[in-house]
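Trainee: I would be grateful for a close look at a single part of this model, namely one strand and its partners. Please relate that part to other elements where it helps.

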Amino acid sequence: MSRRSLSVPLATLALLCAGCSVGPGSRSGDPVSLTVTRDFGRTTVVAESKAKAPSSETVMRVLQRRVPRVTTRYGGGFVQSINGLTGGTQGGKPVDWFYFVNGSEALKGAAATKVRGGDVIWWDRRDWSAGNSVPAVVGSFPEPFLHGPATAKRLPVRVECIDAGSPACAAVAKQLVGLGVPASRGTLRSSFTQDTLRVLVGPWVAVSEDDALRRIEDGPGASGVYAEPQNGGRALALDDPGGHAVRTLGAGAGLIAATAVKDQPPVWVVSGTDDAGVEAAARAFRREDLAGHFAVAIDGGAVVPLPVQGGAP
């Protein structure tokens, strides 16, 4: 998972890393992407760069090679500062550096995570007062569908829809296939899906039956998603970085988010408060609308990055 580089007891770090492993590197010819941001992707610190990396490279080495000012702690395994921005507190809130590989939290510290060709590495310095874990984000799309999540090879992709014949279901599947992802399509829970990347499409009242997605209703501390479906899924509360609901959307609102349970593959959701919201979310299921965002809500056709900042989107 993404690693907080400061304020983490060493015993906790050891526990989190126990049993972790890194998938085999089989894409050495593909470039590795690196981006550095702050405040949940709101501000770019280091613009995206792409270059090939040696097969023995680690996430930490990629960062140090491409960014001139990086300081570390815990024997060089964890980042303390990037370009002068350090972890600690900001405005009375705890902040730190976290990173994702292909949109998923990494399972090790950056110095212990090997890089594979095609990996998309994203560092972000953020407020973690609402929860120190964000299992998955949508902002590296089309990852993890192209190359697999942080610690796995490329996995089969399945679009699971409440209505497999709906325009929203067709739009999501078409987008993936157009990117070279051979995604199958079916109804929710219609087949065994272990070790599969799943995208659930449908109104929240229906998709929330999924065990992984149900956690989103419990707030960002449980799921890493800064939005909370309410009133049986007919309303969507948008949270600020502290996990406080600052705005509520009603009919026609959409949501695109990702989460995961422990070390299982991430589960994505393209959902909404009603059918219109689901269709609005399906239209936003593309790189142009998702890039650099942890998750997004759709309000009146407009994309709202989550969490919302300053009390309003």
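Mentor: What follows is an account of strand S7 and its pairings, and then of some other parts of the model.

The model is a predicted one, and the values below are computed from its coordinates. Strand S7 is mostly covered, with 7 of its 9 residues buried. The strand spans residues 93–101, and its pairings may be taken in order along the chain.

On the side of the preceding segment, strand S6 (residues 88–90) is joined to S7 by 3 bridges, and the two run antiparallel. Within this pairing, Gln90 has Lys93 of S7 as its bridge partner. S6 and S7 form a hairpin with 2 residues between them. In that turn, Gly91 has a positive phi of about 60 degrees.

A hairpin also follows S7, this time with strand S8 (residues 104–105), to which S7 is joined by 2 bridges in the antiparallel sense. Here Phe100 stands opposite Glu105 in S8. Between S7 and S8 lie 2 residues, and Asn102 in the turn has a positive phi of about 55 degrees.

The pairing of S7 with strand S9 is antiparallel and extends over 7 bridges. Two positions illustrate the register: Val95 has Asp127 in S9 as its bridge partner, and Trp97 stands opposite Arg125 in S9. Strand S9 covers residues 120–127 and is mostly covered itself, since 8 of its 8 residues are buried. S9 also pairs with strand S1 (residues 32–38), in the parallel sense and over 6 bridges. In this pairing, Val36 stands opposite Trp123 in S9. S9 thus pairs with S7 in the antiparallel sense and with S1 in the parallel sense. As a general point, strands of a sheet pair through backbone hydrogen bonds, either parallel or antiparallel.

For context, another sheet may be set beside this one. Strands S13, S14 and S15 form an open sheet of 3 strands in the order S13-S14-S15, with antiparallel pairing. Its edge strands are S13 (227–230) and S15 (245–249), each of which pairs on one side only. From one strand to the next, the twist averages 25 degrees. S13 and S14 (residues 235–239) pair over 4 bridges, and Glu228 has Ala237 in S14 as its bridge partner. Val246 is placed in strand S15 and is partly exposed, with a relative accessible area of 30%. Val246 and Val308 are 62 residues apart in sequence, and their C-alpha atoms are 8.0 Å apart in space.

A further strand, S16 (residues 254–259), contains Ile256. Ile256 is buried, because its relative accessible area is 0%, and buried means under 20%. The C-alpha atoms of Ile256 and Val296 are separated by 5.4 Å, although the two residues are 40 apart along the chain. Leaving aside neighbours within four places in sequence, Ile256 is in contact with several residues, among them Val138, Trp268, Phe285 and Leu290.

Helix packing completes the account. Helix H3 (residues 167–178) and helix H7 (residues 275–283) pack at an angle of about 15 degrees, with their axes 9 Å apart. H3 and H7 are therefore roughly parallel to each other, as angles under 35 degrees count as such. The crossing of H3 and H7 is left-handed. H3 contributes Pro167, Ala168, Ala171 and Val172 to the contact, and H7 contributes Val278, Glu279 and Ala282. By class, the contact has 6 nonpolar, no polar and 1 charged residues.

Technical notes:
Residues are numbered from 1 along each chain as its sequence is written. This is a predicted model: local features need pLDDT of at least 70, side-chain atom pairs count only at pLDDT 80 or more; totals for chains, interfaces and linings use all residues. Side-chain values use heavy atoms; hydrogens and water are left out. Buried means under 20% relative accessible area, exposed over 50%, partly exposed in between (1.4 Å probe, protein chains only). Two strands pair if DSSP finds at least two bridges between them. Axes are lines fitted to C-alpha atoms, for helices over the stretch in contact, and angles run from 0 to 180 degrees between N-to-C directions. Angles under 35 degrees count as roughly parallel, over 145 as roughly antiparallel, 65 to 115 as roughly perpendicular and the rest as oblique. A crossing is left-handed if the near helix is turned anticlockwise from the far one by less than a right angle, and right-handed if clockwise. Contact means heavy atoms within 4.5 Å. Ala, Val, Leu, Ile, Met, Phe, Trp, Tyr, Cys and Pro count as nonpolar, Asp, Glu, Lys and Arg as charged, and the others, Gly among them, as polar.
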